[in-house]
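This report introduces a structure to a reader who has not met it before. It looks at one residue and its surroundings, and then at pairs of charged side chains.

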Amino acid sequence: MGVYDRLFVPAPSPCPACGSREDWVIQFHFGDVHLNRFRVGDAIAWSDHAKGSPRSGPFEVPGYPEWCKQCGADDKPFHLVQFDGDVITGHRPATEEDGQRFAW
């Protein structure tokens with residue numbers, strides 16, 4: 001996968017292994033991937049080293065949740081990071097149908 005960006009989101013539920021409620025971190029490989037830290041509502045950047053290309057309108061890219069920072073549990077489902085143009089608008093768990101749309 002190489003270098004990626006990171007979307008920080010509030011944990012939707014406590015970690016089932018340790019109960020931690022720390023922010024989830026969802027890695028995605030789109031835009032000026034340079035270990036940037038984003039929140040919903042932030043706009044991504046573009047450069048000569050960017051992955052993908054600028055788009056308009058709503059779309060989604062695959063996201064890969066990181067492990068629990070407290071205990072190391074790694075049982076979060078794949079997610080889709082949602083965009084409208086260059087702005088991150090949200091995220092959602094990937095469905096089985098999404099697995100067919102993207103090369104996970």
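In this predicted model, I26 is in contact with D5, R6, L7, V9, G63, Y64, P65, H79, V81 and H91, leaving aside residues up to four places away in sequence. I26 belongs to strand β2, and with a relative accessibility of 0% it counts as buried, because buried means under 20% relative accessible area. The C-alpha atom of I26 lies 9.0 Å from that of L80, although the two residues are 54 places apart along the chain.

One of the residues that I26 touches, R6, also takes part in a salt bridge, and this leads to the charged pairs. Side chains of opposite charge can pair when their charged atoms come close. A search of the whole structure finds seven salt bridges, and the table sets out three of them, with the distance between nitrogen and oxygen.

| Salt bridge | N to O distance |
|---|---|
| R6 and E66 | 2.8 Å |
| D23 and R39 | 2.7 Å |
| R101 and D98 | 3.1 Å |

The salt bridge between R6 and E66 connects distant parts of the chain, with R6 in strand β1 (residues 5–9) and E66 in the loop between β4 (58–65) and β5 (79–84), 60 residues apart. Both of these residues are buried.

The salt bridge between D23 and R39 likewise links distant parts of the chain, for D23 sits in the loop between β1 and β2 (24–28), while R39 sits in the loop between β3 (37–38) and β4, 16 residues apart. Are D23 and R39 buried, exposed or partly exposed? D23 has a relative accessible area of 31% and is therefore partly exposed, since that class lies between the 20% limit for buried and the 50% limit for exposed. R39, at 39% relative accessibility, is partly exposed as well.

The salt bridge between R101 and D98 is set within helix α1 (residues 96–101), where the two residues are three apart, about one turn of the helix. Here the partners differ in exposure: R101 is exposed, with a relative accessible area of 52%, whereas D98 is buried, with a relative accessible area of 4%. Through salt bridges that share partners, D98 and R101 are also joined with E60 and R92 into one network.

Notes: Residues numbered from 1 in each chain as written. Predicted model: local features only at pLDDT ≥ 70, side-chain atom pairs only at ≥ 80, totals over all residues. Heavy atoms only, no water. Salt bridge = Lys/Arg side-chain N within 4 Å of Asp/Glu carboxyl O. Helix = DSSP H or I, 4+ residues; strand = E, 2+ residues; numbered from the N terminus. Buried < 20%, exposed > 50% of the residue type's maximum accessible area, 1.4 Å probe, protein only. Contact = heavy atoms within 4.5 Å.
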